[in-house]
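Me: I have a structure to go through with you. Short questions, short answers, please.

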Amino acid sequence: MTLPPREAEPPPGARTPPPGAETSSPGARTPPPSLAAISSLAANPVLSSWLALSPGGTVTIFSGKVEYGQGVWTALAQIAAEELDVALPRITVAPVSTDGSPDEGVTSGSLSIQHSGSALRQACAQARAVLLAAAASKLRTAPTALTVDDGQILAAGRPTGLSYWSLASPGLLDRAAGAPVPVKPPGRWSVAGRSAPRIDLPDKVTGRPRFLHDLVLTGMHYGRVVRPPALAAELLSTGDPTLPPDVRTVRDGSFLGVVAPTDAAALRAARLVAKAARWHVTESLPDDGDLKRFLLSSPAEEVPVESRRDEASAAAATTIRTAEYTRPFLAHASMAPSCAIARWDGEAVTVWSHSQGVFALRDAIAAGLGLDPALVTVHHAEGAGAYGHNGADDAALDAVLLARAVPGRPVRVLWSRADEMGWAPLGPAMLARLSAGLDHGGRIVTWRQDVWSNGFIGRPGRGGEPRLLALAHLAGGRPMPPAPDGPPTGAMGSTRNAVPGYHIPDLEVVRHRLLTMPVRTSSLRSLGAFLNVFAIESFMDELAECAGADPVQFRLAHLTDPRAVRVIEEAAALAGWAGRPREDGLGYGVGYARYKGLAGYCAAVAEVAAENDVRVRRLWLAVDVGTVINPDGVVNQVEGGAIQSTSWATRERVTFDRARITSVNWDTYPVLRFTEVPGVAVRIVAAPGQPETGAGEIAQGPVAAAIGNALADATGTRVRDLPLTREQVIRAIERS
Amino acid sequence: MEQQELHVTVNGEAHTLTADPDSPLLDVLRAGLGLAGPRFGCGLGLCGACMVIIDGRARTSCDYPAWAAEGTTVTTVEGLRDGGRLHPVQQAFLDEQAAQCGYCTSGVIVAAAALLAANPAPAEQEVREALDGNLCRCGVHGRIVAAVLKAAARRPSGQAAR
């Protein structure tokens with residue numbers, strides 16, 4: 001059950017800018033020197049694997065990146081429409097499938113616009129050149145004499161009678177991309193760079209079937225998995241409950257499930273099977289009330305992340321501070337429980353999944369079950385919002401295992417809410433220990449940061465393991481090995497954003513990856529950045545207080561990057577920082593980070609009222625995400641990230657007893673509600689000519705930090721353990 | 001399972017269905033009538049993704065037994081539009097781009113439509129309170145509240161409650 005190692009995301013030094021990144025001339029954006037710089041296109045070079053023209057006047061684009069509410073399909077359609085010179089409504093985005101889509105790895109890391117966007121842009125530019133060459137040949141003129149208006153070929157501004165639609169012949173785009181050609185500069189954009197309505201929303205506001213959960217295939221039956229009653233449990237006997245004759249029970253080791261003609265029948269049968277089954281349960285979990293002890297006492301691998309030693313500077317420290325910050329395990333808590341459909345036809349299996357990485361899922365299913373990957377096809381269909389590696393891939397394997405019992409018949413598996421909350425991978429609990437020294441002038445001269453966490457890089461295939469839940473339950477299966485954490489950099493895994501972006505002469509950052517994984521962990525939106533930025537930015541306020549400095553001025557004094565300075569100044573201006581009111585129980589705080597140390601910039605200011613509860617009233621954010629394709633899409637992502645981060649920071653904590661997760665529904669895992677969410681104002685700081693960065697994860701850390709600092713401002717007490725609840729405030733007051 | 005006849009008017013059309021009286025109304029709507037708008041989220045009436053309007057009130061349908069729906073009038077998100085025209089709340093959701101993943105959207109729209117039918121000019125706090133039984137995990141709350149207020153402002157006064 002091993003896979004060939006998949007390529008990890010490249011370290012920051014190896015990152016290549018997208019085409020034309022630094023161009024600000026009015027002409028075309030300078031193309032990159034070689035196709036290799038456009039990684040997705042280099043890996044999938046045939047133009048027809050990116051777009052297809054129909055004689056009816058539409059363009060279908062193919063991407064390996066999936067839509068899960070982040071609006072990426074709309075942005076990709078804008079990029080294609082722009083480069084082809086066609087109207088946006090002519091563009092359709094094809095569903096992602098291992099059968100026909102370019103393999104662009106996983107949709108994660110806020111990289112879709114860089115990866116898929118740059119590839120589509122170049123593929124469309126080259127397709128346009130191919131079409132213009134064909135037109136020029138027919139018209140006996142030079143391609144440079146021709147222009148395009150919504151697909152119509154013009155010569156000297158007049159119609160030629162030719163169009164993309166008349167020129168498109170089968171096979172025309174079945175050619176490998178050549179050396180990169182110039183693409184349009186943002187200054188000449190008319191479709192990209194402007195807010196466009198999301199192409200998926202009309203279906204969603206009218207209730208038209210769109211989600212995988214709505215898909216009904218001919219002859220489909222319904223499966224339910226009966227999960228063990230504990231994270232570590234062995235099935236002793238099924239107890240042979242009496243079931244209706246049209247229900248199939250599937251057992252393989254400790255994997256137990258049912259297949260029935262309707263979902264209601266499957267659910268009833270699953271309850272009977274669960275009641276009759278006998279298990280041996282092992283108490284395998286740590287004390288959820290003492291996560292610090294769990295994190296600091298578990299065996300761990302210690303890896304240096306960053307070491308910039310300057311002992312002379314460090315020796316100038318006159319004040320040394322140390323503090324520890326923690327976060328609990330966090331759940332994805334998607335609105336929909338995971339769902340999948342699978343069908344076996346002889347040796348071949350077809351899967352429908354809302355996985356964020358259909359290619360990795362295909363390979364993991366094949367490796368896990370000893371199949372030839374060529375016989376496994378995975379089609380993507382939309383699920384509810386995904387915020388990282390949730391249960392989608394695991395549900396797909398469940399469906400495959402249950403469908404094996406009824407060959408030729410599609411079987412749909414839907415997880416229960418309790419299974420979604422109790423069995424999907426979680427974002428790991430973390431501890432960051434920070435220590436810093438200030439010189440007599442109040443400047444930071446030395447900083448050390450140690451981060452303890454389970455790994456975040458636990459998606460299917462990572463570390464050469466299929467990493468699908470049910471594999472551990474099958475006869476002969478073995479427990480899932482602890483999640484890897486990616487290359488030890490300030491951009492990856494638990495140490496994402498553990499390297500402060502401030503000018504600090506003496507700096508050391510160390511990762512402590514836990515080598516046991518009692519609770520399964522994997523990627524959750526922003527990975528380690530959520531805690532690291534909360535810790536660094538809380539600590540910055542604590543240091544500013546030592547130095548007797550205003551929090552905003554203290555940050556600016558340690559920054560040299562003008563884009564960083566700009567977002568902090570803009571957020572402070574938006575919030576009226578300088579004139580903020582001073583009232584009892586009301587506090588203001590700031591938080592800042594450049595995501596991964598190399599992507600989008602975000603600064604946040606929070607207003608927190610600490611009365612009977614911790615109430616975040618308002619948030620002001622300024623972001624710089626480089627060149628923007630869909631401004632409203634960016635604002636929507638930043639607003640949503642800010643509200644989700646507020647919920648994580650003030651409410652959320654996965655609870656468990658010694659055997660199982662106990663926060664298995666919305667009453668035991670409360671998230672922020674309509675009456676509780678803050679008002680959010682977002683300003684995009686223009687960054688003409690700068691490369692596109694993602695926007696979906698940049699708010700997570702800065703918002704949590706701003707809230708923490710505002711709470712300290714409101715109460716006079718520093719709370720370093722998330723979530724920032726009333727109980728934590730009382731505990732912190734008692735300790736101080 | 002015991003099956004019974006169920007008489008229910010859904011989106012203006014009278015249906016006589018055969019259903020397990022103890023099954024949730026959500027199953028009747030999705031599996032029985034093929035309506036995709038009401039969505040399964042939790043099964044305990046805690047998230048609002050399955051909301052429909054039953055005799056004028058927005059209710060969760062995942063924990064509403066089919067037998068209790070006997071003789072009722074049910075409106076799902078599919079039934080809100082007036083011929084080819086979107087309900088003002090649906091239109092405002094598009095205008096404000098008030099969604100991300102869209103899984104909670106139909107339940108939220110239904111709850112908002114029921115609110116505006118009962119209270120055509122709600123204050124912002126009333127909108128928030130009316131939607132407090134609906135969870136949104138993507139964090140689109142601000143846009144949703146803005147959309148509902150916009151729909152209320154646009155709604156011709158005296159429009160019949162649906």
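Me: Which residues lie nearest the centre of the second largest cavity?

Reply: This is a predicted model. The lining of that cavity comprises 13 residues. Those nearest the centre are Gln100(B), Gly102(B), Cys104(B), Cys136(B) and Val140(B).

Me: What volume does the second largest cavity have?

Reply: The search covered the whole structure and kept cavities of 30 Å³ or more. Nine were found. For the second largest, the volume is about 60 Å³.

Me: By class, how many residues in its lining are nonpolar?

Reply: Take the other classes of this lining first. Three residues are polar and one is charged. The nonpolar count is nine.

Me: Now chain A. Why do β4 and β6 each have one side without a neighbour in the sheet?

Reply: The sheet is open, with the order β4-β5-β6 in chain A and antiparallel pairing. β4 (146-149) and β6 (158-163) of chain A each have a single partner strand, so one side of each is left without a neighbour because both stand at the edges.

Me: By what angle are neighbouring strands of this sheet turned against each other on average?

Reply: Direction is ignored for this value. The average turn between neighbours is 40°.

Me: Which residue stands opposite Leu154(A)?

Reply: Strand β5 of chain A spans residues 152-155. Three bridges join β5 to β6(A), and the two run antiparallel. Opposite Leu154(A), in β6(A), stands Pro159(A).

Me: Which helix packs on the sheet?

Reply: The helix touches β4, β5 and β6 of chain A. Its direction makes about 120° with that of β4(A). It covers residues 112-139 of chain A and is helix α3.

Key: Residues are numbered from 1 along each chain as its sequence is written. Chains are lettered from A and ligands numbered from 1 in the order in which they are written. This is a predicted model: local features need pLDDT of at least 70, side-chain atom pairs count only at pLDDT 80 or more; totals for chains, interfaces and linings use all residues. Side-chain values use heavy atoms; hydrogens and water are left out. Two strands pair if DSSP finds at least two bridges between them. Helices (H or I, at least four residues) and strands (E, at least two) are DSSP runs, numbered from the N terminus. Axes are lines fitted to C-alpha atoms, for helices over the stretch in contact, and angles run from 0 to 180 degrees between N-to-C directions. Contact means heavy atoms within 4.5 Å. On a 1 Å grid over the protein atoms alone, a cavity is a set of points where a 1.4 Å probe fits but cannot get out, and a pocket is an open set with protein on both sides within 12 Å along at least five of seven lines; lining residues have an atom within 4 Å of a point. Grid points are joined across faces, edges and corners, and a volume is the space filled by probe spheres set on the points. Ala, Val, Leu, Ile, Met, Phe, Trp, Tyr, Cys and Pro count as nonpolar, Asp, Glu, Lys and Arg as charged, and the others, Gly among them, as polar.
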